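The exercises below ask you to read the geometry of helices and strands from a set of coordinates. Work through each task before turning to its solution.

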Amino acid sequence: MLLIVGGESDPNTQRVVDQAHIRDLAYYFLNTDEPDSHRIAWDFEKPELTLSQTTVRPTAVFLRYNVFAGVPATNLAAFDVVQSFSLAWPDINLLNRRTTTDLNNKSKNLRLAIDVGFEIPDTLVMGNLSPLATMPDPQSRIIKPLGGGAHTQSVDKIANDPQQLAMLGPQFVQSRLSGENLRIFSIGGNQFCFHLESDALDYREDAGVDVKLMPVPPALIDPTRELVERIGFDYCALDFRCKESFVDPVFLEINSFPMFVRFDDAGENCLVDAMLDFLTT
C-alpha cells in the first residue's frame, strides 16, 4: 500500500493522488492541509502508522512538504513524523531515502559535476558584493544565491545599487549564457529531458514559458547518471543552459525534490508514472 503525504493544495502531490487513482493502486492520502493531519503516532513494535482513527501499514511512501497552504506547524509536524517513520523502517520504498535529511549543497554539486565530465559556467563565489560595482562587462555576468532558490539576476541590473548589493547574501557570480534552457528529470534511473523556451534570464519569471519533451542529448546521459548516483538521488532534476541554441549544454544545478506538474503535463504523465513505478514495483 502506498501512503501519499502532502497537501491537497499542492498540485504536485495532487497529481500523484490522481494518477494513483487512475492506475487503481492501493493508496491512502494523508492531506496535510487538514488541521488534524498531525494526529499521527507510531512505535517500534511494527511498521504501522496510526492516523486519527485509521491504521495503515505502507510498503511505500510519497512524502512532500506542502509549501502552498495549510497550517504551517501542523503541516511540518505531519511531514516530520511520517519522515521519521519512513526512515526507521528501511524496507519502505521512499524517494531519495539516502539523502532525505542531507543538505543539497550547490557548491559541492558543481564540484561533482566537473568530476563527472560536465562543463559548468565560469564561477566566482562572493560574500561581499561591493566589487560588482566595478566589474568589467557586467552585462555578461549573472548572480544567484549560494543557497536557496532566489531567481537569477543580471549583474548590470544591480551593480550600481549599493543598497541592494548590501542586502544580498553570498552569491555565485557566473558567466551569462544565451542558449536554450534544458531540464533533465532523473527518476529511478530513467531520464526525461524538457526544453524550456523563454527569453527571460530566469525562465521561472516567464509565465508564458513553453515546455516541451525532447530526447535526452546523448552527451548528457552518462554524466547525468553518474552524478545522480554519486549524490544518491532517486528523484531529481538537472538544469542546463546551452552556450548557443542547443549547442554545448552547460550544467547549472541539480534540484533534489523539484516541482514537476508543468513538465508532467508536457510529458503526458511520464514523470508521475515513473515515480509511482519506482515506489510500487
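**Exercise 1.** In this predicted model, find which strands helix α6 lies across and at what angle helix α6 runs to β15.

*Solution.* Begin with the helix, which comprises residues 218-231, and list the strands that it lies across: β12 (181-187), β13 (190-197), β15 and β16. Then compare directions, which shows α6 running at about 140° to β15.

**Exercise 2.** Establish the strand order of the open sheet that contains β15, and describe its pairing.

*Solution.* The order is β14-β13-β12-β15-β16, five strands in an open sheet with antiparallel pairing. Next, identify the edges: β14 (210-214) and β16 (247-255) each pair on one side only. From one strand to the next, the twist averages 30°. Finally, examine one pair in detail: β15, residues 235-244, joins β16 through 7 bridges in the antiparallel sense, and Leu238 stands opposite Ile254 in β16.

**Exercise 3.** Test whether the span of helix α2 agrees with its residue count, and determine where its buried residues lie.

*Solution.* Taking 1.5 Å a residue, the 17 residues of α2 (residues 72-88) should span 24 Å, and because the end C-alpha atoms are 24 Å apart, the two values agree. Now list the residues under 20% relative accessible area: Thr74, Asn75, Ala78, Phe79, Val82, Gln83, Phe85 and Ser86 are buried. These residues cover an arc of only 165° around the axis, and therefore lie on the same side of α2. On the other side, Pro72 and Ala73 are exposed. As a last step, trace the packing partners of the buried residues, which are β1 (2-6), β2 (27-31), β3 (40-41), β4 (49-51), β6 (60-63) and β7 (93-94).

Terms used. Residues are numbered from 1 along each chain as its sequence is written. This is a predicted model: local features need pLDDT of at least 70, side-chain atom pairs count only at pLDDT 80 or more; totals for chains, interfaces and linings use all residues. Side-chain values use heavy atoms; hydrogens and water are left out. Helices (H or I, at least four residues) and strands (E, at least two) are DSSP runs, numbered from the N terminus. The expected span of a helix is 1.5 Å times one less than its number of residues. Buried means under 20% relative accessible area, exposed over 50%, partly exposed in between (1.4 Å probe, protein chains only). The arc is that of the directions from the helix axis to the C-beta atoms. Contact means heavy atoms within 4.5 Å. Two strands pair if DSSP finds at least two bridges between them. Axes are lines fitted to C-alpha atoms, for helices over the stretch in contact, and angles run from 0 to 180 degrees between N-to-C directions.
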